[in-house]
Amino acid sequence: MSNRVHPRPTDNAFLGDAMGGSHEPTYSGALSFMRRRYARALDGVDVAVWGIPFDTATSNRPGCRFGPQAIRRASAIFDGDPQYPFGIDPFATLKVVDYGDCAFDYGRPAEAPATIAALANAIVDTRTWLLSLGGDHFVTYPLLQAHAAKYGPLALIQFDAHQDTWSDDGARIDHGTFIGRAVREGLIDPARSIQVGIRTIAPETCGIDIVHAGDIDMLGASGVLERVKQRVGTGPAYCTFDIDCLDPAFAPGTGTPVAGGLSSREALAILRGFNAIGIDMVGADVVEVAPPYDHADITAIAGATVAMFYLGLLAERRRR
Ligand code: MN
Ligand code: MN
């Protein structure tokens, strides 16, 4: 019997190994991030991909609690081939598992931040590289707590239409204020941090450098990368990608869309250059993908591609 007539069972999400590709139909099977095996054991694991389906901190349209599911589904097309533009199969180098989703009680939203932080701490503490899928942007706050506890004050690279530095009494669960709070609490070093794609105004910059969306036409990807390099240096950096950094044409499915943003190509070109400028990314996330407002999976595909790029960058660095 040939394999063509009777393909071997796949369902890599529960049968597969954490390394190596899977080659199952994109449209079927148990969906995990890039067809990685679902696992909670992190022994020898390089990367854990974790969903955080939390969206009650959003100031505008909710819905990104469905983000992790949509990103996983869109990522199924990146299963077992060398990934463009890296030209390598990240799973030849990295042992990657899908860690499933963070669980919390929707009826006790005030407990969610500490729950996310505690579980993220447990993952990061094992030196497993954590790739988180939001959720609204507030989830980045407990993720920064966990990474700063391990690596010290972080350089932040934030792709976003918004600064997320509105005032905060130190207790808000709000996707528009957590960056200022993270600066005040010493989780982020603002002198080493930069925001890319901003096109709204918050009263405080908190000392973070800003590349406005409108600057990118003049700077180009290489000019933006030079700014990121000058700012971030080679210390531990965390990258957070709010999908609303992209123009609504490229990411309609998000809670707070703002016209005049980056194209997917512009943002990916910047991200692609991170290894060339020596960024030491110790963790990363993709947030604010809200499938209820999406069309034809446009936003989920963009989010899945950003997440795949994080793995491509890490695999490339580990091979050096
Ligand atoms: Mn944001
Ligand atoms: Mn935003």
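In this predicted model, the lining of the largest cavity is made up of seven nonpolar residues, one polar residue and one charged residue. The nonpolar members include Trp-129, Phe-274, Ile-279 and Met-281. Asn-275 is the polar one and Arg-317 the charged one, and Tyr-310, Leu-313 and Leu-314 complete the list of lining residues. Helix α9, which spans residues 298-319, gives the largest share of this lining, with four residues. The volume of the cavity is about 50 Å³, and the structure holds one cavity of 30 Å³ or more. A word on the idea behind such a search may help here: rolling a probe the size of a water molecule over the atoms shows where empty space is left.

A second place to visit is the metal site. The manganese ion (ligand 2) has protein donors from Asp-160 (OD), His-162 (ND1), Asp-242 (OD) and Asp-244, the last of which is listed with OD twice. These donors lie 2.1 to 2.4 Å from the ion. Along the chain, the donors of this manganese ion follow the spacing D-x1-H-x79-D-x1-D. Asp-160 lies in the loop between β4 (155-159) and α6 (178-184), while Asp-244 lies in the loop between β7 (236-242) and α8 (264-272), so the pair ties together parts of the protein that are 84 residues apart in sequence.

Asp-160 has a further part in the picture, as this residue bridges the manganese ion (ligand 2) and the manganese ion (ligand 1). The two ions lie 3.2 Å apart. Are these two aspartates, Asp-160 and Asp-244, buried or exposed? Asp-160 counts as buried because its relative accessibility is 0%, under the 20% limit for buried residues. Asp-244 has a relative accessible area of 2%, so this residue is buried too.

Stepping back to the whole fold, the protein has nine helices and eight strands. Its radius of gyration is 18 Å, close to the 20 Å that the globule rule gives for 320 residues, so the protein is as compact as a globular protein of that length. Taken along the principal axes, the C-alpha atoms fill a box of roughly 70 × 45 × 35 Å. Of the 320 residues, 57% count as buried. Contacts between parts of the chain that are far apart in sequence can be described as well: among the contacts with a separation of 6 or more, 76% are between residues 24 or more positions apart.

Methods. Residues are numbered from 1 along each chain as its sequence is written. Chains are lettered from A and ligands numbered from 1 in the order in which they are written. This is a predicted model: local features need pLDDT of at least 70, side-chain atom pairs count only at pLDDT 80 or more; totals for chains, interfaces and linings use all residues. Side-chain values use heavy atoms; hydrogens and water are left out. Donors are N, O and S atoms within 2.8 Å of the metal (3.2 Å for Na, K and Ca); water is not among the atoms, so sites may look incomplete. Helices (H or I, at least four residues) and strands (E, at least two) are DSSP runs, numbered from the N terminus. Buried means under 20% relative accessible area, exposed over 50%, partly exposed in between (1.4 Å probe, protein chains only). On a 1 Å grid over the protein atoms alone, a cavity is a set of points where a 1.4 Å probe fits but cannot get out, and a pocket is an open set with protein on both sides within 12 Å along at least five of seven lines; lining residues have an atom within 4 Å of a point. Grid points are joined across faces, edges and corners, and a volume is the space filled by probe spheres set on the points. The radius of gyration is taken over C-alpha atoms; the globule rule is 2.2 Å times the number of residues to the power 0.38. Contact means heavy atoms within 4.5 Å.
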